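Student: I'd like a close look at a single part of this complex. Could you pick one chain and walk me through how it is built and how it sits against its partners?

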Amino acid sequence: MDTFVDIVLLAFLAICAISILTLRDLFAMAMMFGLFSLITAGLFTTMDAPDVAFTEAAVGAGISTILILTTLAQTARREAPRPRHNALLPMVVVWITGAVLIYGTADLPAFGDPDAPAHNHVAPHYLQESPAEIGIPNAVAAVLASYRGFDTWGEVLVVFAAVVGVIALIGLRRRPPGVTAGPVAMEQHDVLRVIAKLVVPVILLFGLYVQFHGEYSPGGGFQAGVIFAAAIILYALVFDLDAARKVIPPGWLNRLPAIGALIFGGVGLVTMLLGGDFLDYDYLREDPRAAQQLGILLVEIGVGVTVASSMLVFYFTFAERGRGRRTGNGETGA
Amino acid sequence: MSFFEHYNYHLAIVLSMIGFYTMISRTNLVKKIAGLNIFQVSVFILFVSIGVLDGGTVPILRAGQTEYANPLPHVLILTAIVVGVAITAVALTLVIRIREAYGTVEEDQIQEQDDLP
Amino acid sequence: MMALVIDLLSWALILVGGAFGIIGGIGLLRLPDFFSRIHAASVTDSMCAPCIIAGLMLQSGFTLVTVKLLFLVIFLFLTSPTASHALAKAALHGGLEPGEHYDAGKAPGRKR
């Protein structure tokens, strides 16, 4: 039964991907893109990966779709018809590459095989030693923040670098040259305003829950950061962008990714100052288990702060750049 | 059935080829970025499929359960998903700037403007 | 005995929810006008998901999972009608008038 659900979901994914490929209306493509991420999240859940499913749903179906839509509002609504002269070469390349790759998977172990190398080296050690060494039930959080904490540190830095790149490219001047910000027409959005005011605090509370309960259930810093950003983005969509900018002033918002990275790296520096290696949490407290849990808590807070502020920086810079510029409904490519 | 042993891997490769084809054959820059995301997701599916264990469950440790899915690919893919959205954000930023500089986001029209003497 | 009744009831609810999902999907594809398609989509949000969640609540008994599922249902009841409302409002803002295109094959025109 599991296999059947798996097969059906993967088939839906392939159909969805083909429709993303062939749709000429790019807003419809953005919606199919959100659907693609959501089906992938369902697939990850059936493959026993709820943390990954959570992150994929929040990030892929949430933030990526919003960013694509905000970009489409400033660029083009429809794709231009494709020039016909090189229609065959990409197809040939893709078929050959696909055939070679499928030939290469012939030696892979069967799906779910307990004797596969993936299940027999490091992973049993993590699963067996983690209750004694760390003591939190969520093995993924334990591996993410403690056993493989250095990789997570690198990833926080990658997100920070992306924020720097986005701010440097479109965040320094609020508007592209030659465009004046016209007055935004405020229509009556009574139902949306009431519901948004009811729902935004709930979403923020849920974000905090996911952040701090991430050691006992699927969750953690990444998912919580994205949920937090989604609440503020909802507020910005229903009320005006300026009102949402007042929630976290731009001066603070642009510094928060750095503060999150500092919290993470700061924990590592403190452990070095206390005599251990970088990010060796055992030196934070006398009891190694309590020390590991404290280290994981602080590190996840750093990750949550960085991810939340990064997603907000992305959305606000995109939205502010697009103010005063609107493409028509039929414009192609320009 | 030996066909269903590798079905996940084959479908992941099919998805990655669809994403690859979107990237190389379509000229609209935003669509290329969507193809890049499809490719990334297919790699995630490949890795998470490697981590599945028959008879195992969600890697949240609890009493009475000894078999868990492998948590290591999950950690890797969690990081990869967030890195993927960072890449998408920077790529879309570049598309916005290209639109402001060239007036279009179709690759062949951009090439024409660049090739003009 | 009681466990069997609860089991059967939860199965019935989940199957009914699935049937409503299929009904909503058929309506989404076959109805002629955009605004009637919003009705079909909201059938999925208002009947399919709550029925399935109610079936799951019966399956999990009196645990914390049931409370979380209850919160989920309340959240869905708040947000999915709002989504239909936002869709209809956006369509009206874009110039689409209800009820003028009862021909499934024709693309709706713009009226400004």
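**Chain B and its partners**

Tutor: Happy to. Let's take chain B and begin where it meets its neighbour: 75 residues of chain B are in contact with 84 residues of chain A. On the chain B side, the elements that each supply two or more residues are helix 1 (7–25), helix 2 (29–51), helix 3 (71–102) and helix 4 (107–115). Helix 3 of chain B gives the most to this side, with 23 residues. Sorted by class, the side of chain B that touches chain A has 44 nonpolar, 21 polar and 10 charged residues.

Please keep in mind that this is a predicted model. Its overall scores are ipTM 0.93 and pTM 0.90.

How does this contact rank among the pairs of chains that touch? There are two such pairs, and the one between chains A and B has the most contacts. Chain C also touches chain A, through five residues from chain C and five residues from chain A. On the chain C side of that contact there are two nonpolar, three polar and no charged residues. Chain C has a mean pLDDT of 85, and 88% of its residues reach 70 or more. Chain B and chain C are not joined by any contact, and their closest C-alpha atoms lie 16 Å apart.

Now to the build of chain B itself. The chain has four helices and zero strands, and reading along the sequence gives the pattern α-α-α-α. What are the dimensions of the C-alpha trace? Along its principal axes, the trace of chain B spans about 70 × 30 × 15 Å. The radius of gyration fits into that picture: chain B has 20 Å, whereas a compact globule of 117 residues would be near 13 Å. Of those 117 residues, 58% count as buried. If you take the contacts within chain B that have a separation of 6 or more, residues 24 or more positions apart account for 44% of them.

Helix 1 of chain B is a good element to check by hand. It has 19 residues, which at 1.5 Å a residue should span 27 Å, and its end C-alpha atoms are indeed 27 Å apart, so the two values agree. Is helix 1 of chain B mostly covered or mostly open? It is mostly covered, with 15 of its 19 residues buried. As you look along any helix on your screen, a general rule may help: an α-helix has 3.6 residues a turn, so residues three or four places apart point the same way.

Next, zoom in on one residue, Tyr68(B), which lies in the loop between helix 2 and helix 3 of chain B. Why does Tyr68(B) count as buried? Because 24 other C-beta atoms lie within 10 Å of its own, and 20 or more are enough for a residue to be called buried. Leaving aside residues up to four places away in sequence, Tyr68(B) touches Gly56(B), Thr57(B) and Pro59(B) as well as Leu127(A) and Ala139(A). Those contacts include residues of chain B and of chain A. The C-alpha atom of Tyr68(B) is also 7.0 Å from that of Leu53(B), a residue 15 places apart from it along the chain.

Since chain A is the partner here, let's look at it too. Chain A is divided into domain 1 (1–77) and domain 2 (138–324), and the C-alpha centres of these domains lie 23 Å apart. Their contact takes 14 residues from domain 1 and 16 residues from domain 2. The domain 1 side of that contact divides into eight nonpolar, five polar and one charged.

Two residues of chain A are worth a look for their backbone. As background, most residues other than glycine have a negative phi. Asp48(A), though not a glycine, has a positive phi of about 65°. You will find Asp48(A) in the loop between helix 2 (26–46) and helix 3 (50–74) of chain A, and it counts as buried because it has 22 C-beta neighbours inside 10 Å. Leu279(A) also has a positive phi, near 60°. Its place is in the loop between helix 11 (250–273) and helix 12 (288–321) of chain A, and Leu279(A) is buried, with 21 other C-beta atoms within 10 Å.

Key
Residues numbered from 1 in each chain as written. Chains lettered and ligands numbered in written order. Predicted model: local features only at pLDDT ≥ 70, side-chain atom pairs only at ≥ 80, totals over all residues. Contact = placed C-beta atoms within 7 Å. Nonpolar A, V, L, I, M, F, W, Y, C, P; charged D, E, K, R; others polar. Expected span 1.5 Å × (residues − 1). Buried ≥ 20, exposed ≤ 12 C-beta atoms within 10 Å, placed from the backbone. Rg over C-alpha atoms; globule rule 2.2 N^0.38 Å. Domains from an automatic or database assignment. pLDDT = per-residue confidence, 0-100.
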